[in-house]
Amino acid sequence: MYGVITLATSKGGVGKSSLGRSLAAHWFTVGHKPVLIDADPQRTLANRYDPEGRMGGVPVVAEPEERVGEVIEELRRQHAPVIVDTAGFRNRTTIGALVATDLAIIPLKPAVEDVDAAIATYELIREINETDERQGRPVKVAMVLTMTMRGTVIARHVRDQLAGAGYPLLRAEMLNRVAYPEAGIEGLSPSITDPDGAAARDIAAVAQELMKLANHEFIKDAAA
Amino acid sequence: MTSKKLGALLRSAPPATARAETPEPLQPFAAPDATSGSPQPRPTAKPPAQEREVPLQVLIPEGIRRQLGVKAAQEGRSLRELVLTAVRSLGIEVTEAQVKGKRGRKSA
């Protein structure tokens, strides 16, 4: 299990918050003790957090300021994984979170703007891995396709292009399903509201691939 | 101590909170309609006009800031809630709705 996972890309609307909450919900349901840090000043996760609700056991800590790295270090003593959702633009808080993270997940929709943003974020992580703070322990990176529609040419094209260029794209992906926004209205995730449904299975597949990569395989280092 | 490279990276990016926005949250779904079987939006009264919110950034001792973060995490509350609660204790009028913010209006 990764200690700290940060979802980052320099574009908004790609599903970072949904994916972060979904992974937290999945790991919560299988017995882990995740915590979410909402480092996005839009407070997408924090605004929906209900301490009395079905995901009340997954605390959401709003920390959009640059001291997010300290909050991560505090929370990782009691929680695993610490999942950090960041704002959809390059900013100091995101950089601070990435410096403190074990795995960076870069979500992207199958669209050229998202691909550009994903590659820019990948390059940012490469720069972070060149700092003294990350020498010898590079941030791992995995890209995840989100909001895809099964069998579309554009999704296949984006996958082929990224994989062909050597970017670390997960095989599992988050299909575009109405279950996410429906569950999100109450700050929940399909793993909680419909654990046997297709969306929950998608999330489980992403989580399992991440775990498999963490335990047994190589997630490409964003090294120079 | 931040390294020179990381310092340069940080200086190249803006602070996250310079673009803070808090969109109006949607209302939760009501229970599924027995006749149609599909969830219907719950009718809600129009919320009262909200006073515009602005950022507050102050320098405080690091240890106090750390304790605030831990307290917020332990209680599942936001820093905003903690700060506004403290502000109210100074005698400044702060309503419960203002303390709760948008989180407090998300469910009936």
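The following dialogue takes a visitor through a predicted model of two chains, A and B.

Visitor: What makes the sheet of chain A an arrangement with edges, and which strands stand there?

Guide: The sheet of chain A is open and has 7 strands, in the order β3-β2-β4-β1-β5-β6-β7, with parallel pairing. β3(A) and β7(A) each have a single partner strand, so one side of each is left without a neighbour in the sheet. These two strands therefore stand at the edges.

Visitor: How do you know that β6(A) and β7(A) are paired?

Guide: Two strands pair if at least two bridges are found between them. β6(A), residues 140-148, and β7(A) are joined over 2 bridges, in the parallel sense. The condition is met, and the two strands count as paired. Within this pair, Thr146(A) stands opposite Met174(A) of β7(A).

Visitor: Which strands does β5(A) pair with, and over how many bridges?

Guide: β5(A) is joined to β1(A) by 3 bridges and to β6(A) by 6 bridges. Both pairs run parallel. Thr6(A) stands opposite Ala104(A) in β5(A), while Leu108(A) has Leu145(A) in β6(A) as its bridge partner.

Visitor: Why is β5(A) called largely enclosed?

Guide: A residue is buried if 20 or more other C-beta atoms lie within 10 Å of its own. In β5(A), 6 of the 6 residues are buried, so the strand is largely enclosed by the rest of the structure. Both faces are covered: Leu103(A), Ile105(A) and Pro107(A) are buried on one side, and Ala104(A), Ile106(A) and Leu108(A) on the other.

Visitor: Where does helix α1(A) lie with respect to the strands?

Guide: Helix α1(A), residues 16-29, lies across β1, β2, β4, β5, β6 and β7 of chain A. The helix runs at about 170 degrees to β4(A).

Visitor: How do you know that the span of α4(A) agrees with the expected value?

Guide: At 1.5 Å a residue, the 18 residues of α4(A) should span 26 Å. The end C-alpha atoms of α4(A) are 26 Å apart, which agrees.

Visitor: What places the buried residues of α4(A) on the same side of the helix?

Guide: The buried residues are Asp114(A), Ala117(A), Ala118(A), Thr121(A), Tyr122(A), Leu124(A), Ile125(A), Ile128(A) and Asn129(A). They cover an arc of only 160 degrees around the axis, which puts them on the same side of α4(A). The face turned away from that side carries the exposed residues Val112(A), Glu113(A) and Glu123(A). The buried residues pack against α3, β5 and β6 of chain A together with α1 of chain B.

Visitor: Why is α3(A) described as mostly covered?

Guide: In α3(A), 8 of its 8 residues are buried. They are Arg92(A), Thr93(A), Thr94(A), Ile95(A), Gly96(A), Ala97(A), Leu98(A) and Val99(A).

Visitor: How many residues does each chain bring to the contact between the two chains, and which element of chain A gives the most?

Guide: Chain A brings 38 residues and chain B brings 31 residues. On the side of chain A that touches chain B, β3(A), α2(A), α3(A) and α4(A) each supply at least two residues. α3(A) gives the most, with 5 residues. That side divides into 16 nonpolar, 6 polar and 16 charged residues.

Visitor: What makes the backbone at Arg43(A) and Met147(A) worth pointing out?

Guide: Most residues other than glycine have a negative phi. Arg43(A), in the loop between β2 and β3 of chain A, has a positive phi near 55 degrees. Met147(A), in strand β6 of chain A, has a positive phi near 50 degrees.

Visitor: How do you know whether Arg43(A) and Met147(A) are buried or exposed?

Guide: The cut-off for a buried residue is 20 or more other C-beta atoms within 10 Å. Arg43(A) has 26 and Met147(A) has 21, so each is buried.

Visitor: Why is the peptide bond between Ala80(A) and Pro81(A) singled out?

Guide: Most peptide bonds are trans. The bond joining Ala80(A) and Pro81(A) is cis, with omega about -5 degrees. Pro81(A) is placed in the loop between α2 and β4 of chain A.

Visitor: Which elements does chain B contain?

Guide: Chain B has 4 helices and 2 strands, in the pattern α-β-β-α-α-α along the sequence. Of its 108 residues, 9% count as buried.

Definitions and conventions
Residues numbered from 1 in each chain as written. Chains lettered and ligands numbered in written order. Predicted model: local features only at pLDDT ≥ 70, side-chain atom pairs only at ≥ 80, totals over all residues. Contact = placed C-beta atoms within 7 Å. Nonpolar A, V, L, I, M, F, W, Y, C, P; charged D, E, K, R; others polar. Axes fitted to C-alpha atoms, helices over the stretch in contact; angles between N-to-C directions. Buried ≥ 20, exposed ≤ 12 C-beta atoms within 10 Å, placed from the backbone. Expected span 1.5 Å × (residues − 1). Arc of directions from axis to C-beta.
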